[in-house]
2 protein chains.
Amino acid sequence: MSPKSIRVCLSPALLPFYELDDTIAVVIDIFRATSSMCYGLANGARAIIPVEELEECLSYRGNGHLLAAERDGQVVAGFDFGNSPFSYTREKVAGKTIVLTTTNGTRAIQRCARANAVVLGSFLNITVLTDWLKNQPHHILLVCAGWKNHFNLEDTVFAGALVHRLKTADVDLDDAAHAAESLYREAQGDLASYLSKASHSKRMQHLHITQDIAFCLQQDQVSVIPILNGYELVSLTLSHPLQ
Amino acid sequence: MSPKSIRVCLSPALLPFYELDDTIAVVIDIFRATSSMCYGLANGARAIIPVEELEECLSYRGNGHLLAAERDGQVVAGFDFGNSPFSYTREKVAGKTIVLTTTNGTRAIQRCARANAVVLGSFLNITVLTDWLKNQPHHILLVCAGWKNHFNLEDTVFAGALVHRLKTADVDLDDAAHAAESLYREAQGDLASYLSKASHSKRMQHLHITQDIAFCLQQDQVSVIPILNGYELVSLTLSHPLQ
């Protein structure tokens with residue numbers, strides 16, 4: 001069994017042009033939403049609820065949930081935390097439900113909801129994710145969250161890493177999948193150096209969160225695959241049926 | 001003098017997210033609209049009027065204009081020709097005004113109209129275009145026409161060729177410009193081979209227009225720069241003022 005095709009959507013603004021029938025969508029927001037969500041679920045968070053707007057996030061206050069909000073790379077005033085992975089440690093999140101809104105990542109997740117399944121990818125869970133995707137007899141759409149609807153390097157390079165691991169002679173790739181794989185092959189020898197030219201890396205360096213960048217580029221730190229179940233992201237288990 | 005920044009817009013659907021103030025837009029539709037338009041103006045066409053819809057194109061019938069229409073890679077029934085460069089020879093177009101509608105290219109041109117200037121790029125005019133752009137003290141936005149709002153390889157690789165020739169230490173590049181240049185550097189040794197995996201190449205091979213592909217990948221066949229002047233594309237001359 002292998003995927004039917006692998007396509008890469010380079011910006012959430014392009015999602016309306018993709019069929020999502022018979023498709024597993026993999027949402028990618030390396031710096032930092034999907035990396036932190038993988039880490040949070042691995043550290044025992046019960047679920048993560050992605051919401052688009054700050055007001056919706058605030059409406060969950062008082063339910064015992066943790067409220068997380070990031071805009072323009074920074075924690076929004078009045079919220080428990082943003083999307084730094086260092087906020088998603090076991091001490092902070094075990095047993096908790098987190099409600100999260102970020103600039104790019106949560107919006108991309110919401111817009112994929114009509115796919116057969118929506119899962120999250122990051123370098124932190126790349127091998128467990130790849131092994132699972134290899135056995136899916138569906139189309140795969142890799143959705144780069146980008147930055148404010150623009151293309152970004154880090155999400156595309158990670159999409160290319162997945163293409164590189166998943167492609168076989170029988171799997172159709174679209175042009176964006178070919179391009180993403182080319183970029184990954186160029187970057188793979190020294191990801192951190194290659195991505196240091198990315199605009200978002202520069203933005204994060206400016207915000208003094210270089211530790212976050214290094215953390216998010218580590219491979220195989222966790223063995224969970226976050227999957228959208230209704231309106232919540234939970235850990236995929238073997239007993240979890242695809243929708 | 002050099003450009004202030006170079007950005008690459010990977011799909012016309014992403015144009016709403018770009019500022020076009022103080023910007024020269026370079027529209028790129030390698031297979032085949034901008035290649036053929038460069039060739040047609042070099043062969044003495046008086047002007048080319050890009051229009052979005054077939055009906056608008058037909059409304060010019062009876063003015064002595066040549067009417068050209070392509071949809072899904074093929075000439076539309078009832079029109080003089082489509083966007084194969086071999087239809088834009090001196091014998092056919094000298095002194096004529098051509099009204100052209102294509103799947104992707106003319107739409108991208110229309111959507112850039114609010115830029116300071118809109119010019120067309122192709123491998124056929126790459127050196128004259130690059131030499132002109134090097135002396136422009138504006139931002140440069142390279143607009144890939146793509147395929148039905150999707151990313152495509154050939155337009156992006158050409159954008160990367162321009163980035164490669166234009167960048168200096170003082171010019172800011174966005175992430176898409178970095179990526180396009182990476183792809184160009186990988187492809188430049190054998191463009192035809194690299195682009196043979198592009199979906200549009202496959203589409204054109206299927207339509208038996210492989211000669212068109214080879215033609216459009218030739219560098220420096222013409223010395224014109226098509227520029228949008230009102231609603232017409234004409235040859236840029238040194239006396240032509242920027243809008």
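This is a short dialogue on reading a predicted model with chains A and B.

User: When two chains are copies, what rotation and what shift along its axis superpose chain B on chain A?

Analyst: One looks at the rotation together with the shift along its axis, and in this predicted model a rotation of 180° with 0.0 Å of shift superposes chain B on chain A, the RMSD being 0.0 Å. That is the relation of a two-fold axis. As for the interface, 100% of the interface residues of chain B are also interface residues in chain A, so the copies meet through the same surface.

User: How much space lies in the largest pocket, and which residues lie nearest its centre?

Analyst: A pocket is read from its volume and then from its lining. Here the largest pocket holds about 420 Å³ of space, and among the 18 residues that line it, those nearest the centre are L173(A), D174(A) and D175(A) together with S199(B) and R203(B).

User: Which elements supply at least two residues each of that lining, and how do the lining residues divide by character?

Analyst: From chain A, β1 (5–9), β9 (172–173) and α7 (175–187) each supply at least two residues of the lining, as does α9 (199–206) of chain B. By character, the lining of the largest pocket comprises seven nonpolar, four polar and seven charged residues.

User: Turning to a single residue, is S36(B) buried or exposed, and what does S36(B) touch?

Analyst: Relative accessible area is the value to read, with buried meaning under 20%; S36(B), which is found in helix α1 (residues 33–42) of chain B, has a relative accessible area of 0% and is therefore buried. Leaving aside residues up to four places away in sequence, S36(B) touches N83(B), S84(B), P85(B) and Y88(B).

Terms used:
Residues are numbered from 1 along each chain as its sequence is written. Chains are lettered from A and ligands numbered from 1 in the order in which they are written. This is a predicted model: local features need pLDDT of at least 70, side-chain atom pairs count only at pLDDT 80 or more; totals for chains, interfaces and linings use all residues. Side-chain values use heavy atoms; hydrogens and water are left out. On a 1 Å grid over the protein atoms alone, a cavity is a set of points where a 1.4 Å probe fits but cannot get out, and a pocket is an open set with protein on both sides within 12 Å along at least five of seven lines; lining residues have an atom within 4 Å of a point. Grid points are joined across faces, edges and corners, and a volume is the space filled by probe spheres set on the points. Helices (H or I, at least four residues) and strands (E, at least two) are DSSP runs, numbered from the N terminus. Ala, Val, Leu, Ile, Met, Phe, Trp, Tyr, Cys and Pro count as nonpolar, Asp, Glu, Lys and Arg as charged, and the others, Gly among them, as polar. Copies are superposed by least squares on the C-alpha atoms of residues with pLDDT of at least 70 in both. Contact means heavy atoms within 4.5 Å. Buried means under 20% relative accessible area, exposed over 50%, partly exposed in between (1.4 Å probe, protein chains only).
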